[in-house]
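Welcome, and please have your viewer ready. We will go from stop to stop, with a selection to make at each one.

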Amino acid sequence: MKVWLVAAVTLFLCSLSFGAGWALRGTHTKRSAFSDIVPSLPLTGLSRQQVMTLHEMQAAPPANGSHEPAWDKLIPNGLGYVQHPVLAPEVSIIGVFHQLHCLYTVRRAYYAAHAASIGQEFNRAGVREPPHIAHCLDYLQQSLVCAADIGVEPFYAGGHYPDVMFARRCRDFSEVQAWASEWRVLDGSGFIFDSAL
């Protein structure tokens with residue numbers, strides 16, 4: 001009788017082990033479907049960001065094409081181009097800095113087109129040809145959908161662009177900038193920068 005009990009318990013444990021292995025195999029298969037996805041930075045810092053109207057960010061760029069400190073402070077030394085032995089063995093750019101570059105380029109293209117439409121001169125520094133602008137618009141659309149900010153923001157029905165202010169939880173952007181600066185492949189700052197990598 002004891003032999004039968006030991007055999008039953010052993011069979012039960014083997015079945016349980018086989019079932020767990022089968023279930024984990026399915027989980028492993030699902031994870032391996034993401035094996036071709038680009039790596040992410042190993043950063044975990046979060047910060048409280050106050051969303052508000054920033055007039056210096058909304059101001060038109062200088063017509064003479066000079067640097068804009070309010071915008072340039074977003075880009076770390078090295079412009080976000082990095083090389084890391086594990087995460088980026090080849091020269092790469094961190095996504096947020098590519099996105100900011102595109103936003104800046106589209107912004108300058110808008111102001112250049114607006115100035116031209118009213119017969120004014122505008123230095124096109126930082127603006128590239130229409131295919132570059134098209135790439136940037138497409139890339140930003142995909143980036144917004146990918147990141148899919150799911151914060152629930154207040155709606156101000158009283159006006160189109162009110163001075164809004166609310167808090168949200170964000171990645172610690174200074175941590176991202178510091179990592180990019182540490183692993184940079186070139187020196188340079190600001191958005192208006194030309195260099196061959």
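Among contacts between residues at least 6 apart in sequence, what percentage join residues at least 24 apart? For this protein the figure is 75%. Keep in mind as you look around that this is a predicted model.

**Stop 1: the whole chain**

Start with a cartoon view. You will find six helices and four strands, and along the sequence they follow the pattern α-β-α-α-β-β-α-α-β-α. Now switch on the surface: the accessible area comes to about 14,100 Å², and 63% of that belongs to carbon and sulfur atoms. Of the 197 residues, 26% count as buried.

**Stop 2: the largest nonpolar core**

In soluble globular proteins, nonpolar side chains tend to be buried together. To see this protein's largest nonpolar core, select W71, I75, V82, I94, F97, L100 and F191; of the 17 residues in the core, these touch the most other members. Helix 3 (69–72), helix 4 and helix 6 are the elements that give two or more residues to this core.

Next, centre the view on F97. Leaving aside residues up to four places away in sequence, F97 touches L74, I75, P76, L79, G80, F173, V176, Q177 and A180. A separate core of seven residues lies apart from the largest one, and you can locate it by selecting C102, A109, C136 and L140, which are among its members.

**Stop 3: L79, a neighbour of F97**

L79 is one of the residues that F97 touches, so it makes a handy next click. Look for L79 in the loop between helix 3 and strand 2. The phi angle of L79 is near 65°, a positive value in a residue other than glycine. Is L79 buried or exposed? With 11% relative accessibility, L79 counts as buried.

**Stop 4: the buried residues of helix 6**

Color helix 6 (173–182) and show the side chains of V176, Q177, W179, A180 and S181, which are buried. What covers the buried residues of this helix? The cover includes strand 2 (81–84) and helix 4. Three of these residues, V176, Q177 and A180, are also on the list of F97 contacts.

**Stop 5: stacked rings**

A search of the whole structure finds six aromatic pairs. Select Y104 and F191 to see one that is stacked, with 4.3 Å from centre to centre and 10° between the planes. This pair links distant parts of the chain: Y104 belongs to helix 4 (residues 95–117) and F191 to the segment after helix 6, 87 residues apart. Both rings sit in buried residues, Y104 with a relative accessible area of 1% and F191 with 11%. Add W71 to the selection, and you have a cluster of W71, Y104 and F191 linked by ring pairs.

**Stop 6: salt bridges**

How many salt bridges does a search of the whole structure find? There are three. Begin with E68 and R107, whose side chains meet at 2.7 Å, N to O. E68 lies in the loop between helix 2 and helix 3 and R107 in helix 4, so this salt bridge ties together parts that are 39 residues apart in sequence.

Keep E68 selected and add R108: their side chains also meet in a salt bridge, at 3.4 Å, N to O. Here E68 and R108, the latter in helix 4, are 40 residues apart. Together, E68, R107 and R108 are linked in a network of salt bridges. E68 is buried at a relative accessible area of 7%, R107 counts as buried at 10%, and R108 is buried as well.

Then move to D187 and R184, which form a salt bridge with their closest N and O atoms 2.8 Å apart. D187 is exposed, with a relative accessible area of 53%, whereas R184 counts as partly exposed at 34%.

**Stop 7: a nonpolar patch on the surface**

Finish on the outside by selecting M52, L54 and M165. These residues form a nonpolar patch on the surface, with about 260 Å² of accessible area together. L54 is placed in the loop between strand 1 (46–52) and helix 2 (55–58), and with a relative accessible area of 37% it is partly exposed.

Technical notes
Residues are numbered from 1 along each chain as its sequence is written. This is a predicted model: local features need pLDDT of at least 70, side-chain atom pairs count only at pLDDT 80 or more; totals for chains, interfaces and linings use all residues. Side-chain values use heavy atoms; hydrogens and water are left out. Patches are made of residues with over 30% relative accessible area and no salt bridge: like charges are joined within 9 Å, nonpolar side chains (Val, Leu, Ile, Met, Phe, Trp, Tyr) within 5 Å. Accessible areas come from the Shrake-Rupley method with a 1.4 Å probe; for residues, only the protein chains shown count as cover. A salt bridge is a side-chain nitrogen of Lys or Arg within 4 Å of a carboxyl oxygen of Asp or Glu. Buried means under 20% relative accessible area, exposed over 50%, partly exposed in between (1.4 Å probe, protein chains only). Rings of Phe, Tyr and Trp (its six-membered ring) pair if their centres lie within 6.5 Å; planes under 30 degrees apart count as stacked, over 60 as edge-to-face and the rest as tilted. Contact means heavy atoms within 4.5 Å. A nonpolar core is a set of buried Ala, Val, Leu, Ile, Met, Phe, Trp, Tyr and Cys residues joined through side-chain atoms within 4.5 Å.
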